[in-house]
Structures are given as C-alpha cells and as structure tokens.
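Visitor: I have a structure to look over with you, and I would like to go through its sheet, its core and its surface in turn.

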Amino acid sequence: MEFSAIYHDVNKKYCYALKKGRFLIRLKVKKDDMQKVVLHYQDKYIKVEMLDTRRTVEMRKAASDCWCDYYEAEIEIDVICLRYYFELTDRAGMVSYYSNQEFFSGPVEDTDRMFDCPQNLREEEMFEIPDWAKNRIVYQIFPSRFASSKFVEEDKWYQAPIGAREDIGGDLKGIIGRLEYLRDLGVDVLYLTPVFASNSTHKYNTIDYYKIDPDFGTEEDLKNLVERAHGMGMRVILDGVFNHTSPEFFAFADLMEKQEKSAYKDWYYPDGFPLKWKWGEKPNYKSFAYFGGMPKLNLLNPETQEYFIQVGRYWIEKCKIDGWRLDVGDEISHKFWRNFRREMKALNPEALIVGEVWHCAEDFLDGEEWDSIMNYSFHFSVIDFVAKESISPSRFWGNIGYLRGNVHTKVFPVLWNLIDSHDTARFLHMCGGNKEKLKLAAALQMLLSGMPVIYYGDELGMAGGPDPDCRRGMLWDEKYQDQDVFQWYRRLIKARKEYACITEGVVTASVTDDEKGLLLITKELGDEKLAICFHAKDGEAGLPEYAGARDVLRGEVFSGFMKPYEAYVFEIKN
C-alpha cells in the first residue's frame, strides 16, 4: 500500500454537498493500488450507546488518471455534523484505516480522531450551477467574420489567408439571419466574442462597455438577437473583457492626459510617470501580455470593481443575456470574481459564468467564482492524441480522468470542451488538413461529457492557420463547404441528443489499446448501455466483439474493423 499517495481533506474538492441531505466524499490513492475502499461514517454528537448511527458504504472508483485513482461515495445524511474515516484494502490484502490525516491498524472508535464535516456549513456553501447548462452544445461566433446583413463581395468575404485588420462586415443582424441554421444544427448556446465599442475587428480592446460597436449594430439588435435565440430554445453568452481596456477607454485616456494627477490613477497599475509605450517595447504600466495597447485594470480598487460589476449587471438586466465568458480570467483576483459572481447570481441565478484559462484552474472552481472554464486541458489532449499522435489512448484517457477526479462533479458536465478557438489555429490546420482527424476530434467532443464548443465553421471543414487566419469569413456558400464533415457533425449531435447515456451515463468500463490506438468506453444509464469506440491511428483495427452490431452514428451494421481515425457507438443489450 502506497501510503504517501493516499489523500483526503475536508474541503470543497473532497467533501461537499450535492443537494440538501446528500454528500459526496472523494479519496485519492495510487493507481491500481486498492482492491477495495470502504467509507465509515456516523453522527458526531449522538453516542453509540444511545443510538447507533454508524454506517458503511463501499466507494466506487469514479475516475483514474495516469498515476492516481479517485474513489467516491454519495451518502444520504441528516446530521448536525458528520464524522467519517476510510478502510483501505490493497491488492495484497493489507488493510489500513485512514482518518484525520493519520493511519491506523484497526477501526477508528474515537470520533475525535475522525474527519469532521458540519452538514449545514457544506450545504450553505453548495455549488449551484444552472441545470440548463449541463452537457449543452456551445457555438462560438466571431461576430465580425460570421455573417453580415449587408451584401459583401465574395472575394472580400472568403479571402484566405485573412489579416487582423480586415473588416468584412459581420454584424448582429447577420447572426440573427442565421439562427435557424444554428438551431437546426443542434446548437444550445451561442457564445459571442466581444461586441462592445472598439477600434479593432476582434474588439478585445474595449473603448465603451455600455455601447454595442457600431460595426455590429445597436443595443436593440442585441436584444432582438437574444429574444429570437430564446424563442428557438438557445441561450446567449457574451464575452467580458474586464482584465484590460483600450487606451481610449475614458479612465485610461484621463490617466494619459493628467498623469499622476488623474482621478483614475488607481484604476490601473502605473510603474512611474509619465506613462510610456511604443510598439515593440514594454510599457511602464501593467498590460495584457506586455502589450501597451491593452492596459491592465486594477480590479482591487473599489471604484474600478464596482464599475465593472455594474457592466456585468447591465447586460444581463437590459438584454437578458444568459451569462459571461470572462477573458484572461485567471489574471484577475479571486476577490473580484467572488464579488462578481455574487452580484450576477443575485440578478439571475441561472446566469452561467465561464472563465478563460489555459490550465485546469481548480482554484476558481470551488463554487464561489466561476461555474466552468474553457477547457484547454481537453484541447491540448485532443491535439496531442489526434492531430499530433504524440500521446497514447491510455494517456489521453488519463488526462480526462484527471479532470473528472479533480473538479466538482457538477462542474465536469459544464466544462467547455474545445478543439480550437479564435486564439488558436483551426484544428484542421493543426492536423495537416486531414478531415478524418477533424471528424474524430469532433467525435471526442460530442461523445464525452461536457459542453462541446464548436468554433464557427469547423462543422463545414473550415481551414485557417494561427490567429488571425483562424478568423476567416464563415463558409455560407455551398461550394466552399465540406458536406461530409457537416453531415458527420449532424449525426454526432443527433446521437448525443437522442441517447442520454452519452452525456448522463456512468462509465462502467474502459479499455485502452495503445498499440492499436483504441479507446473503448462502456457507459450505462438505467436500461441503456452503450459502447463508445475511438480509433486514433492509421491502418485498420479489429473489433470482432462488435461485428454485426448496429452503429448508431451511421445506422449501419459494423464490419468488425475500424478504419483510421474513426468513432463508433454501439447499443449493448443486457
């Protein structure tokens, strides 16, 4: 038994309320070290001689990464305070008891030596995430390049490669005109990159947070977009750029004019005066990525904090948007995000708050700040597994297991699983134009738990190199579209919505064959049982056990062999 790998703490990651009277307890151990893990629990205050409240439950291995297993148990309780410990049996049959960060040779009788969890405390701190968001499909739109309500010359709209400054006329009315396309595709959530006044095509250098950029339309256009999307059963998320502003934003403009005498000196981070910035040089004030054209805000300053919280409230209240995606979220203080969440949820408890961060960001996902993150851990894993073929199926599945074992169980189904975005090259570019690899990457998005994020045009085989070329005009003309890729996306989305087991089911078995490039997952939900199979390698791979089974993605009988970079889903009859 590897004692040093065994870990539990009474915190929001390892012990939390799922709902009133229902708790989840989690334990981390060395991978494949345990034969069995049993949770012992009881009431803290009721003495055994008065009423025996002692209970046991065998814990389930809920996830595994490349090095650790994560065991979980859900228990129904109604106590003032819970006391508990773990009984561990390793593969050799050795038994040990783990309680309050200590190991014991026998059962723990003294409740003061057990882990301690007050029920009311955990229920008051319960992580509340909107139910509507779980496993929904997100579609990311770059407004200036998605659709235009005006006539645009073909050569202008479809120019490739495209530069950072090209204005090809995309606007909000153009998006409204394409809502039926998005609904018919099966999209549930529209995520729009910034729409506020700015002098760039990307709009991440905001000049006025209370004004829709004239290139895109008006506040009335946004209201209309949200209303029509809601009428079609879709939600709308806006991009909140609260880490930095444009130099032309009123506060920084005043600071540049009046320097140290400005009333907005504490809204930013000046390192000295006069403020200096030239292209290619580091400014003498904090900024995004040392780029002086995006000066960083000081959101610990109460006035600055209040201003941007009111911005967040305004668009939820006035246009009924359904939440915020928060740009460069991990470079802003936890204190600000706690206040931001409290205010947004007070206004609309169903608002979804998603942080942009390029790592796991567990410290932002404790229930007090964000509901979810842009899951770049998923992105990098799919790139390595499919595009580069630099990691094995077991390593890929271990990366997914790490996320499952280390984030709140309510967070896992709302992670934004992306394969590319406006900040990366298109996936098709990263896999050398191999559309079978793109289709496999889409299958991983759609057939695993989470919120798949389709970057506009990927479903039509859209190409594009690194930023800014990944932001080309959307492929509305059929002669530019790949209908094979499009129909594949439609089949994946149809299966995801028809079979609840794909998103809601419990993984009851998983097999990886690194030599053949196979990842096989079995999921169950009630009477429904599915085998989900991925093949991430060139050449054929035999799966004779499923020969003759019906593939729900294609509606065809499976031959018993998987071609390169294919995915299949089979119904299994119990």
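Guide: Gladly, and please keep in mind that this is a predicted model. We can begin with the open sheet, in which four strands pair in the antiparallel sense.

Visitor: In what order do the four strands of this open sheet stand, and which are the edge strands?

Guide: The pairing is antiparallel, and the order runs β1-β2-β6-β5. An edge strand pairs on one side only, and that description fits β1 (15-19) and β5 (60-64).

Visitor: By how many degrees are neighbouring strands of this sheet turned against each other on average?

Guide: The average is taken over neighbouring strands of this sheet, with direction ignored. On that basis, the turn is 35 degrees.

Visitor: Which residue in β2 does A17 stand opposite?

Guide: β1 pairs with strand β2 (residues 22-30) in the antiparallel sense, over four bridges. Within β2, the residue opposite A17 is F23.

Visitor: Which helix gives the most to the largest nonpolar core?

Guide: That core holds 146 residues, of which Y139, F242, F308, W324 and F534 touch the most other members. The greatest contribution, eight residues, comes from helix α13 (residues 435-447). A second, separate core of 25 residues includes I75, V79, Y84 and A17, but the helix you asked about in the largest core is α13.

Visitor: Is F103 buried, partly exposed or exposed?

Guide: F103 lies in strand β9 (residues 102-104), and together with F3 and M94 it makes a nonpolar surface patch of about 240 Å². Because its relative accessible area is 32%, which falls between the cut-offs of 20% and 50%, F103 counts as partly exposed.

Terms used
Residues are numbered from 1 along each chain as its sequence is written. This is a predicted model: local features need pLDDT of at least 70, side-chain atom pairs count only at pLDDT 80 or more; totals for chains, interfaces and linings use all residues. Side-chain values use heavy atoms; hydrogens and water are left out. Patches are made of residues with over 30% relative accessible area and no salt bridge: like charges are joined within 9 Å, nonpolar side chains (Val, Leu, Ile, Met, Phe, Trp, Tyr) within 5 Å. Accessible areas come from the Shrake-Rupley method with a 1.4 Å probe; for residues, only the protein chains shown count as cover. A salt bridge is a side-chain nitrogen of Lys or Arg within 4 Å of a carboxyl oxygen of Asp or Glu. Helices (H or I, at least four residues) and strands (E, at least two) are DSSP runs, numbered from the N terminus. Buried means under 20% relative accessible area, exposed over 50%, partly exposed in between (1.4 Å probe, protein chains only). A nonpolar core is a set of buried Ala, Val, Leu, Ile, Met, Phe, Trp, Tyr and Cys residues joined through side-chain atoms within 4.5 Å. Two strands pair if DSSP finds at least two bridges between them. Axes are lines fitted to C-alpha atoms, for helices over the stretch in contact, and angles run from 0 to 180 degrees between N-to-C directions.
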